[in-house]
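Please open the model in your viewer and keep the selection panel at hand. The tour goes from one selection to the next and says at each stop what is to be found there.

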Amino acid sequence: MATFEDPESMDGVSLISEAYRQQLRQMHANKAQFGVGGAEIPQQVKQLLETYSIKTVLDFGAGKGLFTQAMRQRYPQIDTVAYDPAFEALSDKPNQVGMVYSSDVLEHVEPDRLDETLADLFERCTQVQYHHIACHPARKRLPDGRNAHLIIESPAWWKAKFQRFGWPIAFETVQSGETTKKGQTLMRVFYTIVVTCPSGQPEPARPTAGYERRQ
């Protein structure tokens, strides 16, 4: 069973601003289709669960919690914990998990808090991380007018972020395609990356270079 500690700070640095938390809560309250991904477990995630004999999973940025629900139904023996700062009931993260999973989440993190957020995930994870990241503008906008994807960067940019933690990249892929909305053709790009702990045990989670903590 997972144990818990302060879920929203990294060495005293908040991982989400209160203003942004309120923006997310409004989005979830007003847009039924916001945060509803993850109802189906990706085949690669199933393989990782088996390969690493995963016992605990953190569904990071769980949204409406569909991935967690799917995991608990299919893998009741695995302790799957949902975390999403927009929901009071999902505001705890276990202090250690075998696997971290996120899908269409990291691009929603506030840019000036991304490094701390990644460091927090690396410190909590002991075996493997799976992240599916959108690299294009979102269709939705926050109540304050900003694009819902606060970070719009290339797969190469995201790869460099992960590489700074020194964990081997076990898998990565880029998917792209066009979609049409209201007669306008939009390009969508997704980056999926799987990183594994070198020893399969907890590792220090500080980037190796090019990182400066905010004061």
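The stops below lead from the sheet to a helix, then to the nonpolar cores and the aromatic pairs, in what is a predicted model.

**The sheet**

Begin with the six strands of the open sheet, whose order is β5-β4-β7-β8-β10-β9 and whose pairing is mixed. Colour β5 (79-83) and β9 (169-181) apart from the others: these strands stand at the edges, each with a single partner strand, so one side of each is left without a neighbour in the sheet. If you then look along the sheet, the twist from one strand to the next averages 15 degrees.

Next select β9 together with strand β10 (residues 184-196), which run antiparallel and are joined by 12 bridges. One place to zoom in on is G177, whose bridge partner in β10 is R188.

**Helix α4 across the sheet**

Now add helix α4 (residues 114-124). This helix lies across β4 (56-60), β7, β8 and β10, and runs at about 145 degrees to β8. Within α4, pick T117. With a relative accessibility of 4%, T117 counts as buried, and a contact selection around T117 that leaves out residues up to four places away in sequence should bring up L15, F60 and V109.

**The nonpolar cores**

Which residues have the most contacts inside the largest nonpolar core? That core has 26 residues, and the ones to select are L58, F60, V100, L106, W158 and F162. The elements giving two or more residues to this core are β4, β7, α4, β8, α5 and β10, and α4, with five residues, gives the most. Apart from this core lies another one of 16 residues, including L49, V57, F67 and M71.

Return to L58 and display its surroundings: leaving out residues up to four places away in sequence, L58 touches V81, Y83, K93, P94, V97, M99, V100, Y101 and L121. Two of the residues in that list, Y83 and K93, deserve a view of their own, since the charged end of K93 sits over the ring of Y83, 4.2 Å from the ring centre.

**The aromatic pairs**

With the rings shown as sticks, the count of aromatic pairs, taking ring centres within 6.5 Å, comes to seven. Select Y101 and Y130, a stacked pair with 5.6 Å from centre to centre and 5 degrees between the planes. Y101 lies in strand β7 (residues 97-103) and Y130 in strand β8 (residues 125-134), so the pair ties together parts that are 29 residues apart in sequence. Are these two tyrosines, Y101 and Y130, buried or exposed? Both Y101 and Y130 are buried.

Move on to F122 and F162, whose ring centres are 6.3 Å apart and whose planes stand at 50 degrees, so this pair is tilted. F122 belongs to helix α4 and F162 to helix α5 (residues 155-163), so here the parts tied together are 40 residues apart in sequence. F122 is buried, with a relative accessible area of 1%, and F162, at 1% relative accessibility, counts as buried too. To finish, extend the selection to F165 and W167, which form one aromatic cluster with F122 and F162.

Note on methods: Residues numbered from 1 in each chain as written. Predicted model: local features only at pLDDT ≥ 70, side-chain atom pairs only at ≥ 80, totals over all residues. Heavy atoms only, no water. Phe/Tyr/Trp six-rings, centres within 6.5 Å; stacked < 30°, edge-to-face > 60°. Helix = DSSP H or I, 4+ residues; strand = E, 2+ residues; numbered from the N terminus. Buried < 20%, exposed > 50% of the residue type's maximum accessible area, 1.4 Å probe, protein only. Lys NZ or Arg CZ within 6 Å of the ring centre and 35° of its normal. Pairing = 2+ DSSP bridges. Axes fitted to C-alpha atoms, helices over the stretch in contact; angles between N-to-C directions. Contact = heavy atoms within 4.5 Å. Core = buried A, V, L, I, M, F, W, Y, C linked by side-chain atoms within 4.5 Å.
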